[in-house]
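Colleague: Could you take a close look at the aromatic rings in this model for me? Once you have been through them, please carry on to whatever else you can describe.

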Amino acid sequence: MKTREVMIINQGLEDEMEVWGYQPCLWKRVLVGVGAVCSGGLLLLLLYWLPEWGVKGTCTHTSLRDAHTLLLRTTDEFKQWFRAKVHVMSAPGKRPFDCLDLQSTAQLPNGDKDHGISAVREEHHGAFRQLFQIHSFTHHSTKYYWNDVIQNFELYKGLEDVKVSCASIHSDHSPGLSKTLQDYRRSFFGENEIAVRVPSLFKLLIKEVLNPFYIFQLFSVILWSAEDYYYYATAIVFMSMISIATSLYTIKKQYVMLHDMVAAHSVVRVSVCRGNIEQAMSTDLVPGDVIIIPTNGMVMPCDAVLVHGTCIVNESMLTGQSVPVTKTSLPSSGEEAASSFNMEEHKRHTLFCGTHVIQTRFYAGELVEAVVVRTGFSTEKGQLVRSILHPKPTDFKLYHDAYLFLLCLVGVAGIGFVYTIILSIMNKVPAKTIIIESLDIITITVPPALPAAMTAGIVYAQRRLKRVGIFCISPQRINMCGQLNLVCFDKTGTLTEDGLDLWGVQTAEGGRFSPPEADAAKESLVNTVFVACMATCHSLTKIEGELSGDPLDLKMFSATGWILEEPTEEETALHNPIMPTVVRPPKPSVPEANQNNPTTHNMSCEIGIVRQFPFSSTLQRMSVVIRRLGEKHMNAYLKGAPEVVASLCKPHTVPQSFTETLETYTRQGFRVIALAHRQLESKLSWHKVQSLSRNLIETNMEFLGLIIMQNKIKEETAGVLLELRQANIRTLMVTGDNMLTAISVARDCGMVRAHEKVIIADAVPPKDFHPARITWNYTENPAQTNNGNQTVEINLEHGVYDKRVTQQEPSYHFAVTGRAFAVITEYFPQLVQKLVLRATVFARMAPDQKTQLVEVLQSINYTVGMCGDGANDCGALKRAHSGISLSELEASVASPFTSTTSNISCVPNLIREGRAALITSFCVFKFMALYSIIQYLSVTLLYSILSNLGDFQFLFIDIAIILIIAFTMSLNPAWKELVWHRPPSSLISGRLLCSVLTQILTCLVFQVLAFLLVRQQSWYETWTPQSDACNVSSSSLSLSRNVTSPHDHKNIKNYENTTLFYVSSFQYLAVAIIFSKGKPFRQPSYKNWPFMLSCIGLYTFVLLIMLYPVPAIDSFLEIVCVPHDWRVTLVIIVIVNAAVSFMLEILILDIILRRLVFRCNLGATRPTEPLSADTPQEANDRWGSSFLSWLFCRRNKPPRACYMHLALELLDDADWPPRPSTVTYASDLPSHISGPL
């Protein structure tokens, strides 16, 4: 039975979609064919533009299982429609990881051989083998297969699909695949290739030409040709060809660049284990294959997990940072080995596609092996490329409103269409003329050059950004930058210097701290266990003789003065056990007199690093297993966050003053790292250590002491944050560092001011029948002041309240750790939005939590920017409205924007350019709308006397005036400073609509005035070639050209046409100057010299031909001769028109409405003085504001943005913020505050 079912694929993921099944329907296809013939192909175009109509118009609904065609719709806010064709393939199994030997009809997952994927039998090598018919479809470079168990299509990513444990990867997958199994899996996963197909120019041309915009232009050109407007039609065709050629060149270039970037290393020869080691092409790889990583490294052709050996990898392609990363083999035993393999959790063991393996380390006689996990577009690199090939539409109100505005213009055109038909019928105009002229009014009202003119401002902004070292891979997001009202910053390497300086070390002995030492390399420390831990517990390696690795590790190691030596390839081959990396103290550090001292001798010997457990941001620690030369037992050294390290140590070894000492350092902004060690059992062998879980080693440690690192704030940080604060842009810190260190840095850089309180929300999950709870701890203020008279700064940008916001509230900020954020998100969802509204410091945040935070901020209508170094911030950089990566790589695909400047000064630059580009878009849109309406008014008036503008008049207006002005008015650079208020985000806003409507009315009034006045003149008559109006005022003018002119069948030459042509030409220029605004978001127009020269040149030209007619120009433009007195009258009309337009725009809109009615955009609720302090002028302003707000129905209008509404609610909440040392229990909500501790 056919049911109207809808299923969800990729449920819960970013690319979640609804899917419906359809089958072809013969009678519907016949009807569509007839309709296509009758409509001249327009119906086919409509079905091409609207996939939903295309599928529903030619198919009937059916179940997904029986579908031939699928209709897909995204579940996000864009609701995009796609169609996909279902393909059928035959395979000996139903899923890629099925065991072929066990497949039989009796073992179908649901126990019914007829229900599900259809099966056939074929003879194979004398035996019958069952073949299954598997249905699949491809969408956005991803293939989905029908699963009969879940009755839906599913995506096969790779080895993770079977929830394989780390141990089973070693036991079941390390031998490799047979040729048969590999071929079978390739039928599902396809070739291991990120195939960026460069379309042929012909395909691109067809796709480009079928754009609705060009179809409309084609319609216009055909219409103009029917009217014999060949010159203008040719000009439009020429412009369209240039536009299409430019667009094709740009698109082709982008495809070629992306293809070259992907294909540079995508197809290589690799060594694969298939029983024996054999050479194969990387395109043949499938999940489960085992590849050999060569000694000299390679560029990874797939995502693979290391099962033997160690690799040094450069992951700059993914992260934007070229710091080498050490990848170790996947655990094969212990608790971690029993867990399911997950690429995110086990990324320290995973080699990602596109990353460069620089070096490998291995056992003697053993190879560095990796099991292929994902291939093709399923890899991390493949997903990045897919997001570039198929980006999400830009969610920006401007573009949505632009379409609505165009629909309004179409509505206006419709009115003109009906008016023209009625008028023509009344005047008994021939049917052909009625059709042509009525359709012509549509082509006049909808400006054909609008898209190109709108894009110009963004292109210019992109060029200006490139000049200041900011590269953009998503130009449409530049406009979004103009709306940013919150920016999240990473700390280390972003707000502070990338490198840390060693301030000192503080060792611990006998459960107490020794005095801090500034130099770890001094003789009394250099041979201690503490310094040995500093010298070994790192992930440094030598690349071409230079130490390379994490900057923190480099600083620590160089501070010890020790020397690192790595084994050569020959040394590794000679030894049966691992030839470890060796560190040793400098030779001069041991005086000759002490050579016989056994303790000193033992402590000064070489140390080999046997095993390394890399740093994990989740665990917040790293450790190594080492062995001293000559000793039988091994030691474990641990380094990490002090709280974590202390929790893994024996309690009696941790000094009692640990917490106080740590707070002392972190409050001063130091970054503190703790060290610990442990002697391992002597029975542990080298190979046994390789299989041990880190949890077994990282326990019962002995606390060694603290390393105190100084993380200096960059010089530019404080100034930039102050500039953003003054521009009403909120700033947050999102870091993986210690909470108190982060708070200290936030205070030092001005993110939290001296007089403001910081409340730490410390949340713990439920435990032992106790509910989850949040403890609110107030930190000590360095400078305590009376905060009673300070108000919270809430900028009600989308609404105005009549009452002044004068409620007094202390200024405060919340600080949250990653652990607390996770608990609050899960157990206190009601508090999340309240918390993030005033939270400024987020510490110990994992990478995925940074992304989650950005999503929460976006959910309360913040326009969020994210600035980070690209390492742990990739997800947040991509999720934010505007992600800025501080990287030296020009084309980092980790974020929309990449800055080559290594400090945050790029953020205000980007916002400035974004605001300028946004205002430019508004200016151009308003100008193009006015241009079409002005021309519409002129033509409509002329239609009333059965006249029109001439071909060359259209040509002069559209080419000489409109195109030149539209493209030069976009050249205004950004204003030099950020102002308090943001530009509007919507075209459908009060101020902008008032601006456009007042200008339309002004132009209408003066065109009608000129049209009626000319008909009232004493010399006025119906113009003929013999008309002699010029002699009324000047007998010297030659009329010979009028005598010899042929009769004008189209009635172009007449006094009304000439009058309206002159008036409208000046109107175009007037509105261009009025709308081309400068301060506060752009530089003044007089600094835009191309625009000024164009305006002056055009004004001069039109004024000259109006006052001093040139016969050749008059003949070309089909202008008739009018008396000089009327020309002077026209000059007066034009001047008065310009003056009225300027007065309306500047006085009424920019001063009265912006200041009083729409003052919400100026931050009406900035901290204010008491009402008694108002001056008479302020009182008048307030009275005027109240009256006009009432007049415009804006009185007591609530704010649109969720965060503003929430801020106003919290002003009246007496229990917010929670009082010091109170506890909120999950069961207490909504009356959430319990008594103090």
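Modeller: Happy to: I will start with the rings and then move on to a helix, a sheet, the cysteines and one serine. Please keep in mind that this is a predicted model. For the setting, the protein chain has 1237 residues, of which 54% count as buried, and its secondary structure comes to 40 helices and 43 strands. Among contacts between residues at least 6 apart in sequence, 74% join residues at least 24 apart.

Now to your rings. There are 30 aromatic pairs in the structure. One of them is formed by Phe216 and Phe219, a tilted pair with 6.3 Å from centre to centre and 35° between the planes. Both residues belong to helix α7, which spans residues 212–226, and they sit 3 residues apart, about one turn of the helix. Phe219 counts as partly exposed because its relative accessibility is 32%, and the buried class requires a value under 20%.

A second tilted pair joins Phe1066 and Tyr1099, with 5.7 Å between the centres and 35° between the planes. Here the partners come from distant parts of the chain: Phe1066 is in helix α35 (residues 1055–1075) and Tyr1099 is in helix α36 (residues 1089–1107), 33 residues apart. As for exposure, Phe1066 has 4% relative accessibility and therefore counts as buried, whereas Tyr1099, at 24%, is partly exposed. The angle explains the label in both cases, because planes under 30 degrees apart would count as stacked and planes over 60 as edge-to-face.

Ring pairs can also join up into a group. Phe137, Tyr144, Trp146 and Phe153 are linked into a cluster this way.

Charged side chains meet rings too. Lys834 lies over the face of Trp1216, 5.4 Å from the ring centre. Likewise, Arg838 lies over the face of Tyr812, with 5.3 Å to the ring centre.

Next comes the helix I promised, α3, which covers residues 51–58 and has Gly54, Val55 and Thr58 as its buried residues. Looking down the axis of α3, these residues fall within an arc of 90°, so they line one face of the helix. Which elements cover that face? The cover over the buried residues of α3 includes two helices, α1 (26–38) and α2 (42–49), together with the strands β2 (17–24), β3 (59–62), β4 (69–74) and β5 (81–85).

On to the sheet. It is an open sheet of 6 strands, paired antiparallel in the order β12-β11-β13-β20-β15-β18. Its edges are β12 and β18 (350–351), each of which pairs on one side only. At one edge, β11 (residues 269–274) and β12 (residues 276–281) are antiparallel partners over 6 bridges, and one of the residues involved is Ser271, whose bridge partner in β12 is Gln279. These two strands make a hairpin with 1 residue between them, and Gly275 there takes a positive phi near 80°. At the other edge, β15 (residues 303–308) pairs with β18, again in the antiparallel sense, over 2 bridges. Ala304 has Leu351 of β18 as its bridge partner.

What about the cysteines? The structure holds 0 disulfides. Cys537, for example, is in no disulfide, and the nearest cysteine sulfur, that of Cys533, is 5.0 Å away. Cys537 is also buried, with a relative accessible area of 0%. Cys906 tells a similar story: the closest cysteine sulfur, in Cys867, is 4.8 Å from its own, too far for a bond. The reason is the cut-off, because a disulfide needs the two sulfur atoms within 2.5 Å. Cys906 is buried as well, with a relative accessible area of 2%.

Last, the serine. Ser744 is located in helix α26, residues 739–748, and it counts as buried because its relative accessibility is 5%. Which residues does Ser744 touch, leaving aside those up to four places away in sequence? They are Thr666, Arg667, Gln668 and Gly669.

Key: Residues numbered from 1 in each chain as written. Predicted model: local features only at pLDDT ≥ 70, side-chain atom pairs only at ≥ 80, totals over all residues. Heavy atoms only, no water. Phe/Tyr/Trp six-rings, centres within 6.5 Å; stacked < 30°, edge-to-face > 60°. Helix = DSSP H or I, 4+ residues; strand = E, 2+ residues; numbered from the N terminus. Buried < 20%, exposed > 50% of the residue type's maximum accessible area, 1.4 Å probe, protein only. Lys NZ or Arg CZ within 6 Å of the ring centre and 35° of its normal. Arc of directions from axis to C-beta. Contact = heavy atoms within 4.5 Å. Pairing = 2+ DSSP bridges.
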